Amino acid sequence: MSASDSDGEDHHPIAEIDRLIHEPARLMIMAYLYVVESADFLFLMHQTGLTHGNLSSHMSKLEAAGYIEIVKEFVDRKPHTMLQLTDKGRTAFQKYRQSMMQVFDDLP
Amino acid sequence: MTQNINLKELEKKAWTSTFEDGIMDIGIGLILVVTTICQTFDDARFYLYPLFIVPVLFITAAKKYITTPRMGLVKFSRARNRKSYVLYLIMTASIVILLILTVKGLFQQLPMTPVIVGAIVFFIPCSIAYFLNFDRMYIYAILFTLSFALNEITIANTGVIASGAYAWLISGIIMIVIGVVYLVRFLKKYPLPVKGVYNDSTN
């Protein structure tokens, strides 16, 4: 899914940028989940300002890529769905940050 | 570097959003109201001390039944939790120092007792403000200290302990009013979602 996969031999920092994360809404979701341990759907919706449908759609893409995982846990003896970054997602986000910084550092 | 700052800001924004409900303000205001009651009925203060459980119960219940259903649930990072533990440690140490000084009767022997207690009264809310990024608490720290000073001056002038209680009540009411304003804004900003809707996509 990342740009580097599609471009094959191209190792320029821009080509390394993960396009799945690069989309602004998904970048915001990833950033929020990166700075907290986990959050539920409602909290993310309020923080990102995304609509229910939008957030749901982006979540599905990130989940399909293995970047986020859904954790079922009990809060006050009631089942609750929490979302968190997977190790793969965390690594991908860190790599994305490095790539972006490198892109701008390389600018004349 | 810019990325680091932005992520820190993002985490801070998520964290401080948990204070948008005004529940803490109301809870702390209630603590001052209970302090007023205890000081007004000084002879029965030991029977009234259990009233301090009321603000604690209020904060716990309000967060559970008002804030979380509207705002959602979040678990913050270990770094954020570490800050909270440091705060608990400072608060516990301050309370233990105050208790030791009171029980041992050392307050009577110290020459600058009101200044020392006043400094602790100022220091505790400032620590809360700093470690919890709860900026309104800096203003409350000033209110606390002013109330303490007013209380001490009134008692010194009248010789009656109950007479200074109004100082705590004024600050308590100010905090409760601020908290209610925040709470009303919070309720408007975060209406109760339709049950089950927001979990559909994540299930």
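How far apart are the end C-alpha atoms of helix 4 (residues 24–35) of chain A, and what should its 12 residues span at 1.5 Å a residue? The legends below start there; keep in mind that this is a predicted model.

**Figure 1. Helix 4 of chain A, checked for length and cover.** The end C-alpha atoms of helix 4 (residues 24–35) of chain A sit 17 Å apart, and the span expected for 12 residues at 1.5 Å each is 16 Å, so the two agree. As for cover, 9 of those 12 residues are buried, so helix 4 of chain A is largely enclosed by the rest of the structure. Among the buried ones are A:Ala25, A:Arg26, A:Ile29 and A:Met30, and the list carries on with A:Ala31, A:Tyr32, A:Leu33, A:Tyr34 and A:Val35. Have a look at the N-terminal end too: A:Glu23 caps helix 4 of chain A there, with a side-chain oxygen 2.9 Å from the backbone nitrogen of A:Ala25.

**Figure 2. Chain A as a whole, for orientation.** Chain A has 7 helices and 3 strands. Read from the N terminus, its elements go α-α-α-α-β-α-α-β-β-α. Out of its 108 residues, 49% count as buried.

**Figure 3. The strands of chain A and how they pair.** Strand 2 (residues 68–75) and strand 3 of chain A run antiparallel and are joined by 8 bridges. These two strands of chain A make a hairpin with 2 residues between them, and in the turn A:Asp76 has a positive phi of about 55°. Strand 1 (residues 36–40) of chain A also pairs with strand 3 (residues 78–85) of chain A in the antiparallel sense, here over 2 bridges. A handy spot to zoom in on is A:Met82: its bridge partner from strand 1's pairing is A:Asp40, and A:Val71 stands opposite A:Met82 as well. Elsewhere in strand 3 of chain A, A:Thr81 has A:Lys72 opposite.

**Figure 4. A:Thr48 and its contact with A:Leu44.** A:Thr48 belongs to helix 5 (residues 41–48) of chain A. A polar atom of the A:Thr48 side chain lies 2.6 Å from the backbone oxygen of A:Leu44. Is A:Thr48 buried or exposed? With a relative accessible area of 9%, A:Thr48 is under the 20% cut-off and so counts as buried.

**Figure 5. A salt bridge that crosses between the chains.** B:Lys75 and A:Glu73 form a salt bridge, with their closest N and O atoms 2.6 Å apart. The pair goes from strand 1 (residues 74–76) of chain B, where B:Lys75 sits, to strand 2 of chain A, home of A:Glu73. B:Lys75 has a relative accessible area of 32%, so it is partly exposed. Over all chains, the structure holds 5 salt bridges.

**Figure 6. Chain B, stepping back for a moment.** Chain B comes with 10 helices and 1 strand, in the order α-α-α-α-β-α-α-α-α-α-α from the N terminus. Its C-alpha trace spans about 65 × 40 × 25 Å along the principal axes. Of the 203 residues in chain B, 38% are buried.

**Figure 7. B:Glu11 and B:Arg80 meet in a salt bridge.** The N to O distance between these side chains is 2.8 Å. B:Glu11 comes from helix 1 (residues 2–16) of chain B and B:Arg80 from helix 5 (residues 78–103) of chain B, so the salt bridge ties together parts that are 69 residues apart in sequence. Both B:Glu11 and B:Arg80 are buried.

**Figure 8. B:Asp21 and B:Lys63, another salt bridge within chain B.** Here the closest N and O atoms are 2.9 Å apart. The partners are 42 residues apart and link distant parts of the chain: B:Asp21 is in the loop between helix 1 and helix 2 (23–40) of chain B, while B:Lys63 is in helix 4 of chain B. B:Asp21 is buried, with a relative accessible area of 1%, whereas B:Lys63 counts as partly exposed at 23%.

**Figure 9. A nonpolar patch on the surface of chain B.** B:Leu51, B:Ile53, B:Val54, B:Val56 and B:Leu57 make up this patch of about 410 Å². One of them, B:Ile53, lies in helix 4 (residues 53–71) of chain B. B:Ile53 is partly exposed, its relative accessible area being 48%.

How values were computed. Residues are numbered from 1 along each chain as its sequence is written. Chains are lettered from A and ligands numbered from 1 in the order in which they are written. This is a predicted model: local features need pLDDT of at least 70, side-chain atom pairs count only at pLDDT 80 or more; totals for chains, interfaces and linings use all residues. Side-chain values use heavy atoms; hydrogens and water are left out. Two strands pair if DSSP finds at least two bridges between them. Helices (H or I, at least four residues) and strands (E, at least two) are DSSP runs, numbered from the N terminus. Patches are made of residues with over 30% relative accessible area and no salt bridge: like charges are joined within 9 Å, nonpolar side chains (Val, Leu, Ile, Met, Phe, Trp, Tyr) within 5 Å. Accessible areas come from the Shrake-Rupley method with a 1.4 Å probe; for residues, only the protein chains shown count as cover. A salt bridge is a side-chain nitrogen of Lys or Arg within 4 Å of a carboxyl oxygen of Asp or Glu. Buried means under 20% relative accessible area, exposed over 50%, partly exposed in between (1.4 Å probe, protein chains only). The expected span of a helix is 1.5 Å times one less than its number of residues. A polar contact is a pair of N or O atoms within 3.5 Å; within protein, one must be able to donate a hydrogen and the other to accept it, and residues adjacent in sequence count only if both atoms are side-chain atoms.
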